Amino acid sequence: MQRAVVFLLLTALLANGQELRWENSYDQPLNFQCPPGQSISYVKSQHENKYEDRVWEFGCKDTFSSGSDCFLSPYVNDFDQQFTYECPPNHIMSGMSSYHSDKHEDRRWQFYCCRGNRVCTGQCEWTTYVNWFDELFHWTVPNQHFLTGVESYHENKYEDRRWKYQYCAKLQC
């Protein structure tokens, strides 16, 4: 009996600790940006049918040795629409922003892109879709590469999106 209580207590603590890492709550805005000099190293997201929305978690890694010049893109999609967004040449993604519509059960998206001194990108590739509808996913940017683009489409049947990511090597220029 005592082991069961300890197990349940530890499980609750781990679950609560994991929930605290989400950058947003269901149906709430998301506004994430890595610290200066860093870019996104992983993306994790969980869909909840009860809310018909996702919560998001991101990791960051050192990217620029000196100052970087960053900007926030305009919105890249309308609700329920597919989009493909790539940061401009030689820019690396360092954040994401979105807001949710209960009417559409979808989000509109913006992306933070940064450029550093003497940093060029090349040898870019796209992933296949990293998730199926309604499932948790965790995608990590490959070693020696950096996130530079995002593609997604929405399906009303699931009120969810599937995601692809573009990653590039960082080259000296």
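**Two open sheets in a predicted model**

Hi everyone, let's begin with the four-stranded part. Strands β1, β6, β7 and β4 make an open sheet in that order, with antiparallel pairing. Its edges are β1, residues 30-33, and β4, residues 68-72, and each of these pairs on one side only. If you like angles, neighbouring strands here are turned against each other by 15° on average, ignoring direction.

Before we go further, please keep in mind that this is a predicted model. The protein chain averages a pLDDT of 89, and 87% of the residues score at least 70. One stretch needs a warning: across residues 4-19 the pLDDT stays under 50. For that stretch, the model has one contact beyond four places in sequence. I will leave residues 4-19 aside from here on.

Back to the sheet, then. How many bridges join β6 to β7? There are nine, linking residues 92-101 of β6 with residues 106-116 of β7 in an antiparallel run. At one point along this pair, S101 stands opposite D106 in β7. The two strands form a hairpin with four residues between them. Within that hairpin, E105 takes a positive phi near 50°, so do have a look at the backbone there if you have the structure open.

Now to the other neighbour of β6. Strands β1 and β6 also run antiparallel, and four bridges join them. To find the register, take F32, whose bridge partner in β6 is M96.

Is β6 mostly covered or mostly open? Mostly covered: nine of its 10 residues are buried. As general background, side chains in a regular strand alternate between the two faces of the sheet.

On to the second sheet. Which strands form it, and in what order? Three strands, arranged β3-β2-β9, make up this open sheet, and once more the pairing is antiparallel. The edge positions belong to β3, residues 53-62, and β9, residues 137-140, each pairing on one side only. In this sheet, neighbouring strands are turned by 15° against each other on average, direction ignored.

Finally, the pairing of β2 with β3. Strand β2 covers residues 38-48, and 10 bridges connect it to β3 in the antiparallel sense. A handy marker for the register is Q38, which has D62 as its bridge partner in β3.

To recap, we have one open sheet ordered β1-β6-β7-β4 and another ordered β3-β2-β9. Thanks for listening, and I'm happy to go back to any of these strands.

Technical notes. Residues numbered from 1 in each chain as written. Predicted model: local features only at pLDDT ≥ 70, side-chain atom pairs only at ≥ 80, totals over all residues. Heavy atoms only, no water. Pairing = 2+ DSSP bridges. Axes fitted to C-alpha atoms, helices over the stretch in contact; angles between N-to-C directions. pLDDT = per-residue confidence, 0-100. Contact = heavy atoms within 4.5 Å. Buried < 20%, exposed > 50% of the residue type's maximum accessible area, 1.4 Å probe, protein only.
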